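Here are my notes on the model you sent round. Please read them with the coordinates open.

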Amino acid sequence: MTHDVKEIFAGSPASGASSRAWEGPPSAALAAKVRTLGPSMTRSMQRVAEAVAGDPAGCAALTVTGLAELTGTSEATVVRTARLLGYPGYRDLRLALAGLAAQQQSGRAPAVTADIAVDDPIADVVAKLAYDEQQTLADTAAALDTVQLGAAVASLAAARRTDIYGIGASSLVGQDLAQKLLRIGLIAHAHGDPHLAVTNAVQLRTKDVAIAITHSGSTVDVIEPLRVAFERGATTIAITGRPDGPVSQYADHVLTTSTARESELRPAAMSSRTSQLLVVDCLFVGVAQRTYETAAPALSATYEALAHRHAPRTPGVR
């Protein structure tokens, strides 16, 4: 086995990943969920979410009545917001707020939050983009449901064939996943053409897997082939920034990506691509772990097959 293959599987058990799922700290999960779910909330729930995200220490000190008065909402709205953010009740939300406040007071460097301006020096552009990318990855990791991820990995590892649907920037992410799966000996195809996606989805059966990648969760050209695959009995997976979007009704497993702030010079396609690639990498590594005995030789063989293309050229030889 080549050195590269060993690095990829360093520390991986031959029979699959550990059953213990990694979970982000409650405070990180809260901050991520506020950013991700905020756009899909009602305006009154947004006010509650914005308040707890903006001043976790202050809100942690408030009763449910106090937070309702502060945000100009009702106690019922506060409780509904807490539950939407993943907490059984307001008391649990207050505990998470206290943890988030302690985290923010631990001496961490101030965040770079300003949008990129047209006249920003290139050094500032680098700093702002780097911060946004890091935040997007952290939010996605904290909010990712590892139970859903594990189920998706199991389905992919056992699949006869995997079809991946995506349009635009999501299509590039789909191609990345298909290429990774192919290199460990699995049959995978990425479809960026909506007509080809549907005609291929018709061929799927029970032992197959279909993956839809759509940041908005409402891209018709991605939802349609996923629906067809779902109706044909294939296991379906949605990678989306809107878990409450239409795509989820045809998905057996939903993997949520971060919804980062947009700006004129940083459109959604940039932030969504970053979070989608993280999810894709998690899927690939999980599948590679589960299929290690066949995946490792296949990956090694692909490295060897391409090695001569990366070797230094001999002078005078083309």
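The points below deal with one strand, its neighbours and the cysteines.

1. Status. This is a predicted model. Every value here is computed from it.

2. Burial of S4. Strand S4 covers residues 235–240. Of its 6 residues, 6 are buried, so the strand is largely enclosed by the rest of the structure.

3. The two faces of S4. Which residues cover each side of S4? Thr235, Ile237 and Ile239 lie on one side. Thr236, Ala238 and Thr240 lie on the other. Both sets are buried, so neither face is left uncovered, as follows from the under 20% cut-off for relative accessible area.

4. Pairing with S3. Strand S3 (residues 209–214) runs parallel to S4. The two are joined by 6 bridges. Within this pairing, threonine 214 sits opposite threonine 240 of S4.

5. The connection. What kind of unit do S3, helix H12 and S4 make? They form a right-handed β-α-β unit, with H12 spanning residues 220–231.

6. Pairing with S5. S4 also pairs with strand S5 (residues 253–256), again in the parallel sense. Here the count is 4 bridges. Threonine 240 has threonine 256 as its bridge partner in S5. Threonine 240 thus has a threonine opposite it in S3 and another in S5.

7. Cysteines. How many disulfides does the model contain? The count is 0, with sulfur atoms required to lie within 2.5 Å. Cysteine 59 is buried, at a relative accessible area of 1%. Cysteine 282 is partly exposed, at 28%.

Technical notes:
Residues numbered from 1 in each chain as written. Predicted model: local features only at pLDDT ≥ 70, side-chain atom pairs only at ≥ 80, totals over all residues. Heavy atoms only, no water. Buried < 20%, exposed > 50% of the residue type's maximum accessible area, 1.4 Å probe, protein only. Pairing = 2+ DSSP bridges. Right-handed = clockwise from strand over helix to strand, strands pointing away.
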